Structures are given as C-alpha cells and as structure tokens.
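Grab a coffee and open the viewer. Below are a few short exercises for finding your way around a protein model, each with a worked solution.

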Amino acid sequence: MSYDVAAVRSRFPALRAGIAHFDGPGGSQVPDSVAGAVAATMTSPLANRGQVTSGERAADAIVLGARAAMADLLGADPRGVVFGRSMTALTFDLARTLAATWSPGDEIVVTRLDHDANIRPWVLAAGAAGATVRWLDFDPDTTELDDVAPLLSDRTRLVAVTGASNLVGTRPALRAIADAVHAAGALFMVDGVHLTAHAPVDVAALGADLYACSPYKFLGPHCGVLAADPDLLETLHPAKLAPSSDAVPERFELGTLPYELLAGTTAAVEFLAGLDPSATGDRRARLQASMAAVEAHELPLRERIEAHLATLPGVTVRSRAARRTPTLLVTVDGRDPAEVYRYLAGRRIAAPASSFYALECSRRLGLGDTGSLRIGLACYTDDADVDRLLDALSGLVGA
C-alpha cells in the first residue's frame, strides 16, 4: 500500500487558495478530473438516452457508466443503482413508496445518531401510514449506539441506521444490526453518506437492503445515489409519470438525469480507485485497496489532533466511539461555537460549527440545535493542515 498525499493534493485546484479544509463532511473539494468530466460532458453533443443518434448513445453510455462505477465503489449490482437530486430527495421518495405498503400498527425504527435525512422521511411516512416510530438511542458519553434488538418485533417493517455519524463519526456495527433486523423480517436502510468517503464499502457484507450516499461527499458533484438489490426494487412501485419507464432502476428516477453530474460521479470513482498507485486488479479491487489507504492516511492525523486537543484546557472532544471516522465534534469552554468557527476562518482554516442536520444527535449530546465545532479530515488533508489547525486552537485557548 502506498499513499502520496502531496500527489493527491496537486490534483485539487481549490487547494491552491491556501485554505486548510476541515469541512469535508459537509462537502469535499473536487479534483481536476471530475471538473473536467463535467465540463466535457456539457460541451459535447447530448440528447435523451437512446441508440439512434450519437447524442443519444453518449447519454446512455454516461448513465450506464455511472451505474457501473457506483456499483464498483459500493459492491452493489449496477442494475440496482438509482440516481437522484440528493440523498435526502431519494430517501423521501423511497419512504413514501414503502409507506404505501405499511398499515396501522406496523413499526419502524430510527436512531438519535442519524442525520435528519435518515430520520424525518421515515417519521413522516410512518405518520401518514399510521405506523409507530421507535427510537434507537445512543450513549452520549461514549457516542455508541444502543442495542437494536429490544425494539424489534414481528411488526417491524424497516430499521434506518447511519453507516457513520456525520456529527461525531460513530460507526455502528452494521452487520450485527442487519442480522437482527433481518431475523425480525424487516428491511435495513443505511445512510452511507458519511461512511463512503472514509472506508471501503461492501453493501452485501454490511447487510444493507438499501444504501444511500452522496457523491459530493467523496470528491464528486452534487447528486444522490441509492443502491439496492434490483429484485427488491422490482417489488416497489413509486409514483411516476405515465410515459416514463417502468423498468428498474429507471422507475425511481424522476425526469431526465443530469448527465454531466453522472459523468463527474464516474470520474470521482476513477480518482478514488487511483489513490493507492500500487493497487492492482479490476476497479472494484483498486477501490477497496485505495479506500483502505485513505483510512490508513486519515487515522494518524486524527490521532494527532486528538492527542493535542487533550492537552488544551477547556477543550472537549465529544467523538468517543471505539470505531469512527476522522470526524471530531469539539466544544471549547466559554466560547460560542460560532465564535471559534469565525476565529478559524479568519486564519484561513475551514472548520464550521453547527448541528449539521444531525439535530437529534446534537440535542442528545446537550448541545441543542446549535451543535458545535466539527473538524473533519479528508483524503487531501496533510500534516501542514493539521499544524495550522492545532496552532490556531492553541492560540485561541491561550488568548
């Protein structure tokens, strides 16, 4: 395994502005090849998908190529890869579709650890169907998720759990949860938006029936992706226009797809596959090796930050789970999180403060709707970025 962060950074035009980016969990910076793919697509002949004109064939190839790329990244079946405007929009559509099969007395389970995009669509859909919502809690001291088993019954229809918390980084034991959920006869929905940027993903191995993510969190453009077994998707019938295709996965994609964003998504996956230059094999194998290299690169940086923050008086790291992404939620005694955010921004360090749509998690931690400062690492973070961050925080606490 090899990882050259300097070479990686050279491919990100935005980094030339000199900002130390710790805001990746909200949206990553974009490599040159992704921007180039988007631009090239928008300046090439395109039409609605088909096989007659060159523009039709180009559009079809882009869509099929993007499905194959995301399937390789996630270990999914390309026939079950759905594209949408965002993960949130896809989840709302999916929730409405599934809720049409629910009855009063049915139950769904959501967690207080999740981003609201994997909570509210299910809560609202359950309310419309007369189903009961059960809440899976987490320990605010350890940020570890509670056991799901006591919440399951023969009336459980779906359990929605994050692959990794976008606020505190906690990575729940998805396979164990999946086994319990499936034993109860329910579906398992995983929000993989934050996880996909930091670790190798194998949807089947995780036991996820439904897995959603967002390419703009892993170096791509702004769109959403849902991956599922195509046989499962065949059983679902979303609301759609009468003339639009009833084939899977097209029946879940409302309107014409954004071809330029799909081309950018494929380019992002290709870029990820090359992060470990020593990796060999097909694209799936190279992606697994490269994402493992990303994990290995990010871990010591995270540990450096944690070790230094532990020496600063009044600074508390709220991210404490044994298994987590390189994402730290930090509070500073006597300092409003927005003040710390602005202080760092004035030193050209991007580390925002908010609840980041993880409202239930922020409230459970006693931080209300305001949240706190989030420090998020990415594949392009280097030691110099970390030096700048730690120097700035030391200066703030010492001021």
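The exercises that follow go through helices, sheets, a loop residue and some backbone oddities. Keep in mind that this is a predicted model.

**Exercise 1. A helix pair**

Work out how helix α3 and helix α9 cross, and what kinds of residues make the contact.

*Solution.*
Step 1: Find the two helices, α3 at residues 54-74 and α9 at residues 259-273. Two packed helices are described by the angle between their axes and the distance between the axes. Here the axes come within 8 Å and cross at roughly 35°.

Step 2: Check the hand. The crossing of α3 and α9 is left-handed.

Step 3: List who touches whom. From α3 you get A59, I62, V63, G65, A66, A69, M70 and L73, and from α9 you get Y259, L262, A263, T265, T266, V269 and L272. Sort them by type and the contact has 12 nonpolar residues, three polar and no charged.

Step 4: Look at α9 by itself. Its 15 residues reach 21 Å from first C-alpha to last, close to the 21 Å expected at 1.5 Å a residue. Of those 15 residues, 13 are buried, so α9 is largely enclosed by the rest of the structure.

**Exercise 2. The seven-stranded sheet**

Trace the strand order of the open sheet of seven strands, then say which strands stand at the edges.

*Solution.*
Step 1: Walk across the sheet and you meet β2-β8-β7-β6-β5-β3-β4, with mixed pairing.

Step 2: Pick out the ends. β2 (81-84) and β4 (132-136) each have a single partner strand, so one side of each is left without a neighbour in the sheet. As for twist, neighbouring strands are turned by 20° against each other on average, direction ignored.

Step 3: Zoom in on one pair. Strands β6 (residues 187-191) and β7 (residues 210-213) run parallel and share three bridges. V190 sits opposite Y211 of β7.

Step 4: Add the helix. α5 (residues 120-129) lies across β3, β4, β5 and β6, at about 160° to β3. P121, W122, V123, A125, A126 and A129 are its buried residues, and the buried residues of α5 pack against α4 (87-99), β3, β4, β5 and β6. Just after α5, G130 takes a positive phi of about 80°.

**Exercise 3. The four-stranded sheet**

Which strands does β13 pair with, and which helices lie on this sheet?

*Solution.*
Step 1: Get the order, which is β9-β10-β13-β12 in an open sheet with antiparallel pairing. β9 (315-317) and β12 (353-354) are the edge strands, each with a single partner, so one side of each is left without a neighbour in the sheet.

Step 2: Take the β10 side. Four bridges join β10 (residues 327-332) to β13. Among the partners, L328 is matched with I375 and T327 with G376.

Step 3: Take the β12 side. β12 and β13 pair in the antiparallel sense over two bridges, and S354 has S372 as its bridge partner.

Step 4: Put the helices on. α10 (residues 283-309) lies across β9, β10 and β13 and runs at about 15° to β10. α11 (residues 337-345) touches β10, β12 and β13, and its direction makes about 45° with that of β13. β13 itself is mostly covered, with five of its five residues buried.

**Exercise 4. One loop residue**

Is L367 buried or exposed, and what does it touch?

*Solution.*
Step 1: Place L367 in the loop between α12 (359-364) and β13 (372-376).

Step 2: Read its accessibility. The cut-off for buried is under 20%, and L367 is at 17%, so it counts as buried.

Step 3: Find its contacts. Leaving out residues up to four places away in sequence, L367 touches R318, L329, T331, S362 and S372. S355 is 12 residues away in sequence, and its C-alpha is 8.3 Å from that of L367.

**Exercise 5. Backbone oddities**

Track down the cis peptide bond at P249 and the positive phi values of R348 and Y357.

*Solution.*
Step 1: Recall the usual picture. Most residues other than glycine have a negative phi, and most peptide bonds are trans.

Step 2: Go to the loop between α8 (230-234) and α9, where P249 lies. The bond from V248 to P249 is cis, with omega near 5°.

Step 3: Visit R348, in the loop between α11 and β11 (349-350). Its phi is about 60°, and at 42% relative accessibility R348 counts as partly exposed.

Step 4: Finish with Y357, in the loop between β12 and α12. Its phi is about 70°, and at 62% relative accessibility Y357 counts as exposed.

How values were computed: Residues are numbered from 1 along each chain as its sequence is written. This is a predicted model: local features need pLDDT of at least 70, side-chain atom pairs count only at pLDDT 80 or more; totals for chains, interfaces and linings use all residues. Side-chain values use heavy atoms; hydrogens and water are left out. Axes are lines fitted to C-alpha atoms, for helices over the stretch in contact, and angles run from 0 to 180 degrees between N-to-C directions. A crossing is left-handed if the near helix is turned anticlockwise from the far one by less than a right angle, and right-handed if clockwise. Contact means heavy atoms within 4.5 Å. Ala, Val, Leu, Ile, Met, Phe, Trp, Tyr, Cys and Pro count as nonpolar, Asp, Glu, Lys and Arg as charged, and the others, Gly among them, as polar. The expected span of a helix is 1.5 Å times one less than its number of residues. Buried means under 20% relative accessible area, exposed over 50%, partly exposed in between (1.4 Å probe, protein chains only). Two strands pair if DSSP finds at least two bridges between them.
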